[in-house]
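Biologist: Hi! I'm new to this one, could you walk me through it?
Modeller: Happy to. Have a look first, then ask away.

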Amino acid sequence: MWALRQSNALRKAFDSSFKVRCYSTTVRLFKNDDKKDIPKYQTINNTGFSNEEIEKILQEEEAKMIAEQKARFVESWEPGMRKKPLQSSFKLEEFEYELEPEKHLPRWTLLDKRCGALAIKVGMMPVFDEWGVRHPCTVLFMDQNIVIGHKTMEKNGYIAAQIAAGERKRKNVGKSVLGQYQGFLSEEENPPYLVREFRITDESLLPPLHSQIHARHFVPGQNIDVSGISKGKGFQGPMKRHNFGGMPASHGVSLSHRAHGSTGQCQDPGKVFKGKKMAGHMGTERVTTQNVRIIKIDRGRNLLYVLGAVPGNKGHFVEVRDAVKKPLWGTDKVLDAIDRPPLPTFEFEEIDGSGTAHEVFMPLPATDPFAPDDEEAA
Amino acid sequence: MLGIAARIGRFAASSSGLPRWTAAAFSTNLRTPEEMAVLHHGLRPRHRAPKFKSPRKRASKLLQELQGELVKSNKANKPDVWGTHFRVGDAIELVIGRENAEKNEIEKIRGVVLGISRKGLDHSVLLRDVVFGQPVERRILLHSPLLQSVKLLEENFVYKGKRKVKRAKLYFLRDRNPELTRVTKW
């Protein structure tokens, strides 16, 4: 074993040096253990180092290993003592927050929810960034999102904001629905197309009544969850609806190439279980796509360019909310690496005077993504 | 009460500035678009308020606008790419690289155009060339910011300039002698 360790140590020591291209080799001389005088293994020195240098290097490495082992040893250890220091966090800011929580803003965690928005799915188009990467994006148009009502713990038992979006002809809206919009609709304005509620965790996060939610409510680079009613597929068989495997096209299969096969066992249980996957109506149900990234925001036209596809047909409304699993707050992937979104919603007084650039892009990588890796190039 | 025809005739003649009994008063060359509408439909009340459109129609119109704007601005900003006119069957040279790229990062690609796919922002060109003895096909998007310029090397390269190419896609060249589609010399 010592000989193997020796060659491993040599390998470690010599990898970084320029002197040597091949390692020292160990050769096994004899199979029998009887001949005790003659050594079993012999090392042949192919390296550029002399034997003394090799011995010196090996001694240094051994000394290092012994010192490491000694450092780990804790003298006068008692049960309940910690051998290594407890590391609960790796950021200086989090240490400071733990020390004095009163002096800092409370953290924005995954359990905190703020208001979402309603948007129309406009269609898909490619977006090229400065590095030349093509992102296939869906365009979402936030059409006149106005906060109509609040739901509070006292009155309703839960906290939510009611948001109305879009437009509808007045003749198509009944009187009972028009009554809900009494407060803010003038006689010339069109009533909204639909009204939806968004759950919120704290009453201070409720956006003010009759305020508009703009595209700047969201931040370029963050992840969002988009919910919509998926495209209708009609009556579909189990292969499309439930990803069933089907049966071979030939080899004697009779009349059941796309069927679902067996539906259960025999006399026991003697029935088909409820919920058995079978053919039926597919689509036109609420679907949520999670962790969809915002690539670009058009502030003037209230557009969100979002990476990938989104459930639903073009021209239909979708619900847009901050991602529940991976919103990317505090990371480099969000613009300015902010640790929380604008709360309760974006305020127009915060406009920064950059009037010309109405399109804001997500932060791009520092290095060219198309450049070859250094290892491959070398 | 005047009849519709009489009202139109009065309107038409008075706005053209000619007497009512001349043939020129009724000619269509001297008419503005508003007068033409009156001649066709008569004098009826026009909608003053903006027309209400359903979300689906507004969405499709918006998408058209967005894509059209981008295509227009890209074409205006890059005359080197969009100014050169080439057809299927020509030999082309493209210069690919970012604007701030160093010399060794800029690439020159040559090839025969096997097909052009015109899909708005995904307007692309399929190039075929024999590079280091290996036939290579590549599809390049012309709206990409990495594309700097396009240069026409030879027209009707596939037929050595003698005949016109009469096809939209030249996929049959994949089964032919690779020398027909070789643009680079080594």
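Biologist: Why are Glu68(A) and Arg72(A) separated by about one helical turn?
Modeller: Both belong to helix α2 of chain A, residues 51–72, and they are four residues apart there, so about one helical turn lies between them. Keep in mind as we go that this is a predicted model.

Biologist: Got it. And what do the side chains of Glu68(A) and Arg72(A) meet in?
Modeller: A salt bridge, with N to O at 4.0 Å. As background, side chains of opposite charge can pair when their charged atoms come close.

Biologist: How many salt bridges are there over all chains?
Modeller: The search of the whole structure gives 20. Across the interface of chain A and chain B, the rule finds four.

Biologist: Can you show me one of those? Which side chain does Arg58(B) meet in a salt bridge?
Modeller: That of Asp143(A), at 3.1 Å from N to O. Across the interface of these two chains there are also four residue pairs in polar contact, with both residues at pLDDT 80 or more.

Biologist: Let's stay with the interface. How many residues of each chain are in contact?
Modeller: On the chain A side there are 29, and they touch 19 residues of chain B. About 2,000 Å² is buried between the two chains, and carbon and sulfur atoms give 69% of that area.

Biologist: Which residues in chain A lose the most area to chain B?
Modeller: Those are Met125(A), Phe128(A) and Arg301(A), which together make up 27% of what the chain A side buries.

Biologist: And which elements of chain A give two or more residues to that side?
Modeller: Three strands of chain A do: β3 (117–128), β4 (134–141) and β13 (303–307). The largest share comes from β3(A), with eight residues. By type, the chain A side divides into 14 nonpolar, four polar and eleven charged residues.

Biologist: Switching to sheets: what order do the five strands have in the open sheet of chain B?
Modeller: The order is β4-β3-β2-β1-β5, with antiparallel pairing. At the edges stand β4 (134–141) and β5 (147–154) of chain B; each has a single partner strand, so one side of each has no neighbour in the sheet. On average, neighbouring strands of this sheet are turned by 35° against each other, direction ignored.

Biologist: How many bridges join β1 and β2 of chain B?
Modeller: Six, between residues 91–96 in β1 and residues 107–117 in β2, with the two strands running antiparallel. In that region, Ile96(B) sits opposite Glu107(B), a residue of β2(B).

Biologist: What about the open sheet of four strands in chain A, which order does that have?
Modeller: That one goes β7-β6-β5-β8, again with antiparallel pairing. Its edge strands are β7 (194–199) and β8 (212–213) of chain A, each pairing on one side only. Five bridges link β5 (residues 145–151) to β6 (residues 160–165) in chain A, and His150(A) has Ala161(A) in β6(A) as its bridge partner.

Biologist: Last topic, backbone oddities. Where is the peptide bond to Pro269(A), and is that bond cis or trans?
Modeller: The bond from Asp268(A) to Pro269(A) is cis, with omega near 10°. Pro269(A) is in the loop between α6 (238–241) and β11 (280–282) of chain A. A cis bond also joins Leu343(A) and Pro344(A), where omega is about -10°. Pro344(A) lies in the loop between β14 (317–322) and β15 (359–361) of chain A.

Biologist: And is phi of Ser76(A) positive or negative?
Modeller: Positive, near 50°, in a residue other than glycine. Ser76(A) is in the loop between α2 and α3 (92–99) of chain A. For context, most residues other than glycine have a negative phi, and most peptide bonds are trans.

Key
Residues numbered from 1 in each chain as written. Chains lettered and ligands numbered in written order. Predicted model: local features only at pLDDT ≥ 70, side-chain atom pairs only at ≥ 80, totals over all residues. Heavy atoms only, no water. Contact = heavy atoms within 4.5 Å. Buried area = accessible area lost by both parts, 1.4 Å probe. Polar contact = N/O pair within 3.5 Å; in protein donor to acceptor, adjacent residues only side chain to side chain. Nonpolar A, V, L, I, M, F, W, Y, C, P; charged D, E, K, R; others polar. Pairing = 2+ DSSP bridges. Axes fitted to C-alpha atoms, helices over the stretch in contact; angles between N-to-C directions.
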